[in-house]
Amino acid sequence: MIYNYEEIKDIKLGAIYTKKYTEFRVFAPNRKKIDLLITDDYRKIRKEKFSMVKTKFDIFYCKIDKDLDGFFYSYLVEDKYEVTDPYSKASSINSLMSAVVDFEKTNPKNFKKFAPKICENKAIIYELNVKDYTANKNSNVKYRGKFLGLCEKNSKFKDHTTGLSHLKEMNVTHIQLLPVYDFISTFEENEKFFDDDNYNWGYDPELYFNVEGSYSTNPYKIKRRIYEFKEMVNKIHENGMNVVMDVVYNHTFKTIDSNLEILAPNYYHRKNQYGNFSNGSGVGNELASEKAFVRKLIIDSLKHWVSEYDIDGFRFDLMALIDIDTIKIAIKELKKIKPYIIIYGEPWMGGESVLPLEK
């Protein structure tokens, strides 16, 4: 079936939380049976199972009349595959299960009161990796390599400012963060954080709506990573700077075993004439952004980061692989939320793509 973006754009997917109930919606074409699994502890083998009903646009639906704040969930596909929700807005450590969260409980004091409105023609952008920027002991911050480490004030090495104070001293207007959404290529446990072989810049997407746990002081606590990310954004704003997120919608780390491919086989990724994954990213696959539900995933997640986390801009990795129509719609929708938001990206691909050149 060919879906129309205009028809589906306002449908809410994922876990839609209220204190009295939570609704679950997941797009799964060509699947006949999806069950919702719920537990209060992601480590439990046995979970409660609820049947989901297939509705319009191949969306499976289930409503649980209970306050599920802090509960974990996943989808059991045709009694064979257990996967996370592509619309997960929170998760367990290492993305093992999706999680339901009451976001009203995650806001720091005075959140969203400090964002400076800096237009793009005045932007002085500093790109950094959250872990790298304060990981060295000479940064003299308490929470080295963490979200909270990046927003500590008045840190110094001898007579030199470090951390956020150094960025402010250089008159930076925008801090561009290498991926801080959930990526799958590192262990999130604190005891493994500084292991030499446990490092990645984050260009290996897993859950596009979720905060990366390794940068949290306590990745085991669902709300902690969300709160600390918001606190970092808030402190950066308070110091007169905006926050830009580096986003990777051109490919996924996983392919045949990804939650996208298992829920919707042959839908989310572009395929070539031989039925193989198109490799315009150069790393094995690429997302089919021109398809309605893929476009929706991209735009919904961008809007989530702006509305929920007060993000001020986005830098797109391999932006040329995202079709121009999706980019135009995204810019229009994001500017409705923040008129001064800035959007930019790499105007090239990493290999040959089946995406038409004019797109």
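The largest pocket in this predicted model has a volume of about 610 Å³. If you would like to find it on screen, look for K12, L13, I16, K89 and H304, which lie nearest its centre among the 24 residues that line it. Two elements, strand β1 (14–17) and helix α7, each give at least two residues to this lining. Helix α7 has the largest share, with six residues. Sorted by class, the pocket lining holds 14 nonpolar residues, eight charged ones and two polar ones.

Helix α7 is worth following a little further. It spans residues 292–309 and packs with helix α5, residues 222–238, at an angle of about 75 degrees, the two axes being 11 Å apart. Angles of 65 to 115 degrees count as roughly perpendicular, so that is the description that applies to α5 and α7. On the α5 side, the contact is made by I226, F229, K230 and V233, and on the α7 side by W305, E308 and Y309. Five of these contact residues are nonpolar and two are charged, while none is polar.

From the open pocket we can turn to enclosed spaces. How many cavities of 30 Å³ or more does a search of the whole structure find? There are three. The largest cavity contains about 80 Å³ of space. Its lining is made up of P86, P205, E206, L207, Y208, T252, K254, S258, N259 and L260. Strand β15 gives the most here, with four residues, and helix α6 (259–263) also supplies at least two. This lining divides into five nonpolar, three polar and two charged residues.

Next comes the second largest cavity, with about 60 Å³ of space. The residues around it are K131, F183, T186, F187, F193, N198, Y199, N200, S214 and Y215. Five of them are nonpolar, four are polar and one is charged.

One of the residues lining that second cavity, T186, deserves a closer look. It sits in the loop between strands β14 (181–183) and β15 (205–211). Is T186 buried or exposed? Its relative accessibility is 11%, and buried means under 20%, so T186 counts as buried. Leaving aside residues up to four places away in sequence, T186 touches N94, N198, Y199, N200, E212 and S214. Several names return from the cavity lining, including N198, Y199, N200 and S214.

Our last stop is the backbone. Most residues other than glycine have a negative phi. With that in mind, look at N154, where phi is positive, near 60 degrees, although the residue is not glycine. N154 lies in the loop between helix α3 (147–150) and strand β11 (156–157). Its relative accessible area is 68%, and N154 is therefore exposed.

On the other side of β11, in the loop that leads to β12 (160–161), you will find K158. Here too phi is positive in a residue other than glycine, with a value near 55 degrees. What is the relative accessibility of K158, and how does the residue count? The value is 67%, so K158 counts as exposed.

Methods. Residues are numbered from 1 along each chain as its sequence is written. This is a predicted model: local features need pLDDT of at least 70, side-chain atom pairs count only at pLDDT 80 or more; totals for chains, interfaces and linings use all residues. Side-chain values use heavy atoms; hydrogens and water are left out. Axes are lines fitted to C-alpha atoms, for helices over the stretch in contact, and angles run from 0 to 180 degrees between N-to-C directions. Angles under 35 degrees count as roughly parallel, over 145 as roughly antiparallel, 65 to 115 as roughly perpendicular and the rest as oblique. Contact means heavy atoms within 4.5 Å. Ala, Val, Leu, Ile, Met, Phe, Trp, Tyr, Cys and Pro count as nonpolar, Asp, Glu, Lys and Arg as charged, and the others, Gly among them, as polar. On a 1 Å grid over the protein atoms alone, a cavity is a set of points where a 1.4 Å probe fits but cannot get out, and a pocket is an open set with protein on both sides within 12 Å along at least five of seven lines; lining residues have an atom within 4 Å of a point. Grid points are joined across faces, edges and corners, and a volume is the space filled by probe spheres set on the points. Buried means under 20% relative accessible area, exposed over 50%, partly exposed in between (1.4 Å probe, protein chains only).
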